[in-house]
Amino acid sequence: MIKRNYDREMRDTIKKFNGEQKKLLLHACCGPCSSYPVTELKDIFDITIDFYNPNIESEEEYQKRLKEIQNFLSGREIDIISTNYDHNEFLEVVKGLEDEPEGGKRCLKCFELRLREAAKRAKELGNDYFTTTLTISPLKNSQVLNKLGEKIGEEEGIKFLPSDFKKRDGYKKSVEISNEYQMYRQNYCGCEFSKREI
């Protein structure tokens, strides 16, 4: 089976805009992972950041990651939405999958939870597209994330912007940007199950 090049698909989609600025809801997991996608897309889209991450294992960690995004966005004309922290939302969704390996069925449920909320919010706010910064991570399967995003987009009635932000040195650039801005860069995805594997 041939893998789709989601980075090329994103660029092909953008070309069809013919310079018209579309509205994008960008689900963001943290500041470092948001840095490159925001830099890359800020002149193409009217971006709203959606910080919805109930998977994060403590409110302290949640607030720390939220603050990093807020600091990075300071001075940029980009709105950020964050919901009240409720880790029980995540725990309920992954119940019975606690012993799954990182990248397995538990992660798929977590991705679905966050992408579905992003899709609903994007539609409510009148965005043209939604997508996620999760594809920047070398540890995340972009094929899985994009297929899930497309499926959810169809179900919720909102277009999913294909992406693979790690391509064209995106991950490397995100590290450079986060170093430049002295961002807190966590060493685990977010939940207590990913934390135990570090």
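**View 1. The residues around the largest cavity of this predicted model.** The largest cavity in this predicted structure is lined by Asn55, Phe90, Glu102, Arg106, Cys107, Cys110, Phe111, Lys140, Cys189 and Cys191. The space inside this largest cavity comes to about 70 Å³, and the structure holds one cavity of 30 Å³ or more. Which helix gives the most to the lining of the largest cavity? That helix is H5, which contributes four residues to the lining.

**View 2. The largest pocket and the elements that line it.** About 620 Å³ of space lies in the largest pocket, and of the 28 residues that line this pocket, the closest to its centre are Ser137, Leu139, Lys140, Tyr188 and Cys189. Helices H2, H5 and H6 each supply at least two residues of the lining of the largest pocket, and the largest share, three residues, comes from H5. Two of the residues named here, Lys140 and Cys189, can also be found in the lining of the largest cavity.

**View 3. The open sheet and its edge strands.** Five strands form an open sheet, in which the order is S3-S2-S1-S4-S5 and the pairing is parallel. Strand S3 (79-82) and strand S5 (159-160) stand at the edges with a single partner strand each, so one side of each is left without a neighbour in the sheet. As general background, strands of a sheet pair through backbone hydrogen bonds, and this pairing may be either parallel or antiparallel.

**View 4. Strands S1 and S2, with helices packed on the sheet.** Strand S1 (residues 22-27) and strand S2 (residues 45-51) run parallel and are joined by six bridges. Along this pair, Lys22 stands opposite Phe45 in S2, while His27 has Asp50 in S2 as its bridge partner. Helix H2 (residues 31-41) packs on the sheet, where it touches S1 and S2, and the direction of H2 makes about 160 degrees with that of S2. Helix H5 (residues 105-124) lies across S1, S2, S3 and strand S4 (129-132), and H5 runs at about 155 degrees to S4.

**View 5. Lys22 in strand S1.** Is Lys22, a residue of strand S1, buried or exposed? The relative accessibility of Lys22 is 18%, and because buried means under 20%, Lys22 counts as buried. The strand around Lys22 is mostly covered, since five of the six residues of S1 are buried. Leaving aside neighbours within four places in sequence, Lys22 is in contact with Phe17, Ile44, Phe45, Asp46, Asp128 and Tyr129.

**View 6. The largest nonpolar core, with Ile49 as one of its members.** The largest nonpolar core has 44 residues, and those with the most contacts inside it are Leu24, Leu41, Phe45, Ile47, Ile49 and Phe130. Helix H1 (6-15), S1, H2, S2, helix H3 (59-73), H5, S4 and helix H6 (142-156) each supply at least two residues of this core. Among these elements, H5 gives the most, with six residues. Not counting residues up to four places away in sequence, Ile49 touches Leu26, Ala28, Val38, Ile69, Leu73, Ile78, Asp79, Ile80 and Ile81. A second, separate core has seven residues, including Tyr52, Val94, Cys110 and Leu113, and Cys110 is also one of the residues that line the largest cavity.

**View 7. Leu161, a buried loop residue.** Leu161 is placed in the loop between S5 and helix H7 (170-180). Leu161 is buried, with a relative accessible area of 0%. Which residues does Leu161 touch, not counting those up to four places away in sequence? They are Met10, Thr13, Leu24, Phe45, Tyr129, Phe130, Thr131 and Asn146. Although Leu161 and Tyr6 are 155 residues apart in sequence, they are 9.1 Å apart in space, C-alpha to C-alpha.

**View 8. Glu9 in helix H1.** Glu9 has its place in helix H1 and, at 23% relative accessibility, counts as partly exposed. Not counting residues up to four places away in sequence, Glu9 touches Arg4, Glu150 and Pro162. Along the chain, Glu9 and Glu192 are 183 residues apart, and 34 Å separates their C-alpha atoms.

Terms used:
Residues are numbered from 1 along each chain as its sequence is written. This is a predicted model: local features need pLDDT of at least 70, side-chain atom pairs count only at pLDDT 80 or more; totals for chains, interfaces and linings use all residues. Side-chain values use heavy atoms; hydrogens and water are left out. Two strands pair if DSSP finds at least two bridges between them. Contact means heavy atoms within 4.5 Å. Axes are lines fitted to C-alpha atoms, for helices over the stretch in contact, and angles run from 0 to 180 degrees between N-to-C directions. A nonpolar core is a set of buried Ala, Val, Leu, Ile, Met, Phe, Trp, Tyr and Cys residues joined through side-chain atoms within 4.5 Å. Buried means under 20% relative accessible area, exposed over 50%, partly exposed in between (1.4 Å probe, protein chains only). On a 1 Å grid over the protein atoms alone, a cavity is a set of points where a 1.4 Å probe fits but cannot get out, and a pocket is an open set with protein on both sides within 12 Å along at least five of seven lines; lining residues have an atom within 4 Å of a point. Grid points are joined across faces, edges and corners, and a volume is the space filled by probe spheres set on the points.
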